[in-house]
Amino acid sequence: MFVPKLYVYTFLGEFVLLYPVYTLLFTDSGLSVAETSSLFVIWSVTGMVLEIPSGAWADAVSRRLLLFLGPLLAGAGFALWVLFPSYWAFALGFVLWGAEGALVSGAFEALAYEELERRGLQGRYAAVMGRAHSIGIAAAASAIALATPVFAVGGYPAVGVASVAACLLCAATALTLPERRPARATSADSDGRYLAVLRAGVAEARTDRNVLEAIVLISVVTAIWGALEEYVPFLAAATGAPRTAVPLLVLAVWVGAAAGGLLAGPARRLSERSFALVLALAALAMAAGALVPHPAGFLLVAGAFGAFQMAGVVADTRLQERVSGDQRATVTSVAGLGTNVVTLAVYTAYGAGSPFLSHGTTFALLILPYVVIALWLARERVAPM
């Protein structure tokens, strides 16, 4: 029952009915676009600041504890938004939500991999995590679909209650997850233990070449398409499709990403050069699809998003297989920090280029790092993943 519990946790963590309407809540509460943007910055910075420290906490104390606390913080933030709709309540809510992301990041992967390893099933990690990502996408899509009728009936309080309830159920699910680790790694430790784990994790991420390469791969592969996903509706509108068709094009991209997660298990067996070829072809498909001024180009975009989702899971698997010692969550959190940094860089580049470049051209240019990564991987002479 361990793997199904992971899936339930993932589903509930993404089944937040406030997702599609929270910007509307901000607008109705009188916030300007600049104020809303500042909230996103607060959210991102919070996650970046807490990413590595929370990973070390998970290693030094308990991964399951952090998986329990994270959804509770997010639920508290969502409750603040609905009960006290104001800028400072929204800001505090984003701090709590950002903390949730940092607490879960690293701890979830570390607990999943080590529990599978304990059962002799570590070879299934890529398939399990790929399905988990696909389930998360399905949960977010379901939340968007359900938010409309719930909001129509009960407004912000209704979607707020539903969102908090999902967080509470997610936290409760965390308590059912097994965590069988040596006593020295799960007991409440002193500051010395925490600092030792933190230093060991950062040192492994910095000095172990194989681990560092996996971190770079995760950061680039995961962050770029994840950031570009936010701009998919703009790209869809730029194809000339009717406004009523834009949600369908966005849905096609989500379907592609979900399919990519399901393919992560078989993709784990790709050789390094084959993996590089997949990345290069996906980048070319993304660029071509984005530059085609017709909705049909979204077939290529959806396929590329699926390949990038698959590649991200495989890169995570590669990292987990290379980490040693008790600092697995810390090392994974270093990769999470790298992902956040690259994501902010993509947002900044997209915003800077938007006055001068079309959405299709911007997509095509920002996808170029995938080609660089593919060339780098193709030159690496290592064993299959």
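Me: Among contacts in the chain between residues at least 6 apart in sequence, what percentage join residues at least 24 apart?

Reply: A contact means heavy atoms within 4.5 Å. Here, 84% of those contacts join residues at least 24 apart. Bear in mind that this is a predicted model, where local features need pLDDT of at least 70 and side-chain atom pairs count only at pLDDT 80 or more, while totals for chains, interfaces and linings use all residues. Residues are numbered from 1 along each chain as its sequence is written, and side-chain values use heavy atoms, leaving out hydrogens and water.

Me: How many helices and strands does the chain have?

Reply: Both are DSSP runs, numbered from the N terminus: helices are H or I with at least four residues, strands are E with at least two. This chain has 18 helices and zero strands.

Me: What share of the residues is buried?

Reply: Buried means under 20% relative accessible area, exposed is over 50%, and partly exposed lies in between (1.4 Å probe, protein chains only). Of the 385 residues, 51% are buried.

Me: How many disulfides are there in the whole structure?

Reply: A disulfide is a covalent bond between the sulfur atoms of two cysteines. The search counts a pair of cysteine sulfur atoms within 2.5 Å, and it finds zero in the whole structure. Take C167, which is in no disulfide: the nearest cysteine sulfur, in C170, is 7.0 Å away.

Me: Why does C170 not bond with C167?

Reply: Because their sulfurs are 7.0 Å apart, too far for a bond. As for cover, C167 is buried at 6% relative accessible area, and C170 is buried at 2%.
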